[in-house]
Amino acid sequence: MPRTPVRVRIAPSPTGDPHVGTAYIALFNAAFARHHGGQFLLRIEDTDQKRSTRASEDAILRSLKWIGLDWDEGPDVGGPCGPYRQSERGEIYRSHCDTLIEKAKAYRCFCTSERLDQMRAEQRAAKVTSRYDGHCRHLDPEVSRARAESGEAFVVRLAMPTDGESVVPDALRGPVVYDNRQIDDQVLLKTDGLPTYHLANVVDDHLMAITHVIRAEEWINSTPKHLALYQAFGWEPPVFVHMPLLRNEDKSKISKRKNPTSLEFYQRSGILPEAMLNFLGLMGYSMEDEREQFTFAEFARELDLARVSLGGPVFDLKKLDWLNGMYLRAMTPESLALRTFAYYREDDRHGPVSLLVQERVTSLADYMDHADIFYGGQRNPGLFGRHLLIGCTSRKKNAVRLGRHGSRAYFEDVIARLEAEPNWEPAAIEAALRAAVTQAGVLVGDGLMAVRVAVCGRPTSPPLFETMHVIGRAVTLVRLRAAVSLLGDERMLQDAIAHAQAELDAVREALQVAEAAVTPTPHQSSPAAEA
RNA sequence: GCCCCGUUAGUCUAGUGGUCAGGACACGGCCCUCUCAAGGCUGGGACAGGAGUUCAACUCUCCUACGGGGCACCA
């Protein structure tokens, strides 16, 4: 039986788009807290100064709220265990680290990264687990202190036991045994004075009275280090629950290269938040009566972690769409309309979208014919897929034709450049695209047309750079990656060809019918034509 | 390479020694129907392989194979 009061947390790192995996783990934590009448907290793990941004943090909070999760304590709502942003708790970690050094459970390490790299390379070559070799572990405490005080750069490492075993009592798997010789003397405090995940996580979980750590399986191998820390501090560890990892179609850990992972993408796509949450509740989990549609309240009420299945679930967009459709059909017609209007109304890009669409519209009803490219997730280039083959549709004499593989490489280059660009602004987008065009050596118009068709799904759109800016990074990149896989996948390509062929046949047939209609044969002539 | 975890159909899953291995998505067929959806009915499709324990293994144990994760001054 769980300790009371149950306290659990979600601890996202604000280093990118709000991730679907974060929502997945958050769902189980929030439901677990609700189930036991406990608290659910949100803590921001922003100890990586180089990658953490406030924009990402804001987006993560926004997206978690969007799918309907809320928390009892967190950086935005406060609480008794604050601050809830690790970057604001530096002093806490430093003092805890000091006590560890005093207890000889941790030590300063002055090794250079060059030495460490070399050491790992050697270990790799010798086919043994990479592990810090303990070079600085037995420095005399006074010498260590003196070197630190003289200003020499150092990190603090955990002094792991060098023999024996560590047993992780995972709630879903039973005891998982590790040979301590496999476990590294993990860095706890970085040269910049900030803690690593391992230290901050353990200290905060203890200080915030977390009773159950429900997190992704990728953490299971570092749990022995965490256990060692609890022991070094003399604290009681929480219950550990490692959830399976969401997977791509090829079973690898879900990644943005192979799947839309941003919650913003799903929101933009018109997925209902309650359907999204419901779908996540189906990943690695099933209700006792095998019901597949349920609300968060039902999920929380019936949640039983023993029912979690450990095989990594593939994130199947098809089933999400089906589920979303079920929710849509279950609404009253009135609320479907209102939800739809709200979907557009709550979108904050009215101004920019209108600006681009305005000079092209002829009536209010015409607006959406132009604006549709800004909404929804993936778009099917369908009939216009030929434009994805750079130069192949060009009428210009000097056109450079890339063909399938070249076009694919071009799109990959475009994606890489856009990903590397921190500012999602028209000018930056333009620079990235022009650079890719130059790199590929194709005509500007042809290169940009390919991108336009990939991103908009058709060869007409407002100015491309502004359009991509308004469509947004997450959706734009998903659409571009879809173009890459279309170009790279024989079967998808065949489908596209078959589709285009069918369209062509239909057009031919229509043409024949129309021609027949304007060249009347004698028995078809009407009295009016004879007059 | 080393360590850890996992393995029921293309996918999500039920199943905790005795079931005709159940449901859902997707796919095929039929019905409904002015189209398309939706809906109804229906079909094909799974216990990774091998040993062992047992009267009896999808279920327990071991080995193999395959998949995944981890091995950072990232989380």
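Student: Which element gives the most to the surface near RNA strand B?

Tutor: A residue is near a molecule or strand if one of its heavy atoms lies within 4 Å of it. Elements are DSSP runs numbered from the N terminus: helices are H or I runs of at least four residues, and strands are E runs of at least two. Here the most comes from α11, with 5 residues. At least two residues each are supplied by α4 (113-125), β4 (155-158), β6 (174-179) and α11 (317-330).

Student: On what basis should these values be read?

Tutor: This is a predicted model, in which local features need pLDDT of at least 70 and side-chain atom pairs count only at pLDDT 80 or more, while totals for chains, interfaces and linings use all residues. Residues are numbered from 1 along each chain as its sequence is written, chains are lettered from A and ligands numbered from 1 in the order in which they are written, and side-chain values use heavy atoms, with hydrogens and water left out.

Student: How many residues surround RNA strand B, and which are the closest?

Tutor: The strand is surrounded by 52 residues, the closest being Thr129, Thr191, Asn221, Gly284 and Glu290. To describe such a surface by class, Ala, Val, Leu, Ile, Met, Phe, Trp, Tyr, Cys and Pro are taken as nonpolar, Asp, Glu, Lys and Arg as charged, and the others, Gly among them, as polar. On that scheme the surface has 21 charged, 18 nonpolar and 13 polar residues. On the RNA side, sugar or phosphate accounts for 78% of the strand B atoms within 4 Å of the protein, and bases for the rest.

Student: Which parts of RNA strand B do Thr191, Lys253 and Leu282 approach?

Tutor: A polar contact is a pair of N or O atoms within 3.5 Å; within protein, one must be able to donate a hydrogen and the other to accept it, and residues adjacent in sequence count only if both atoms are side-chain atoms. Thr191 places a polar side-chain atom 2.3 Å from a base nitrogen. Lys253 has a backbone N or O atom 3.1 Å from a phosphate oxygen, and a polar backbone atom of Leu282 is 3.0 Å from a sugar or linking oxygen.

Student: How is a polar contact at a helix end to be read?

Tutor: Consider helix α5 (residues 141-149), whose N-terminal end is capped by Asp140: a side-chain oxygen of Asp140 lies 2.9 Å from the backbone nitrogen of Glu142. Just after α5, Gly151 adopts a positive phi of about 100°.

Student: What share of the residues in chain A is buried?

Tutor: Buried means under 20% relative accessible area, exposed over 50%, and partly exposed in between (1.4 Å probe, protein chains only). Of the 531 residues in chain A, 46% are buried. Chain A has 21 helices and 9 strands.

Student: Which residues touch the most other members of the largest nonpolar core?

Tutor: In soluble globular proteins, nonpolar side chains tend to be buried together. A nonpolar core is a set of buried Ala, Val, Leu, Ile, Met, Phe, Trp, Tyr and Cys residues joined through side-chain atoms within 4.5 Å. The largest has 100 residues, of which Phe28, Met276, Phe315, Phe374, Phe411, Val451 and Leu480 touch the most other members. Helix α1 (residues 20-35) provides the largest share of this core, 11 residues. Apart from this core lies another, of 32 residues, including Val156, Val203, Tyr230 and Phe233.

Student: With which residues is Val451 in contact, neighbours within four places in sequence aside?

Tutor: Contact means heavy atoms within 4.5 Å. Val451 meets Tyr410, Phe411, Val414, Leu433, Leu464, Met468 and Leu480.

Student: How many aromatic pairs does the structure hold?

Tutor: A pair of aromatic rings is described by the distance of the centres and the angle of the planes. Rings of Phe, Tyr and Trp (its six-membered ring) pair if their centres lie within 6.5 Å; planes under 30 degrees apart count as stacked, over 60 as edge-to-face and the rest as tilted. There are 16 such pairs. Phe265 and Tyr266 are edge-to-face, because their ring centres are 5.3 Å apart and their planes stand at 90°; both residues are buried. Tyr343 and Tyr344 are also an edge-to-face pair, at 4.8 Å centre to centre and 70° between the planes. Tyr343 has 22% relative accessibility and therefore counts as partly exposed, and Tyr344, at 29%, is partly exposed. One aromatic cluster is formed by Tyr24, Phe28, Tyr285, Phe294 and Phe299.
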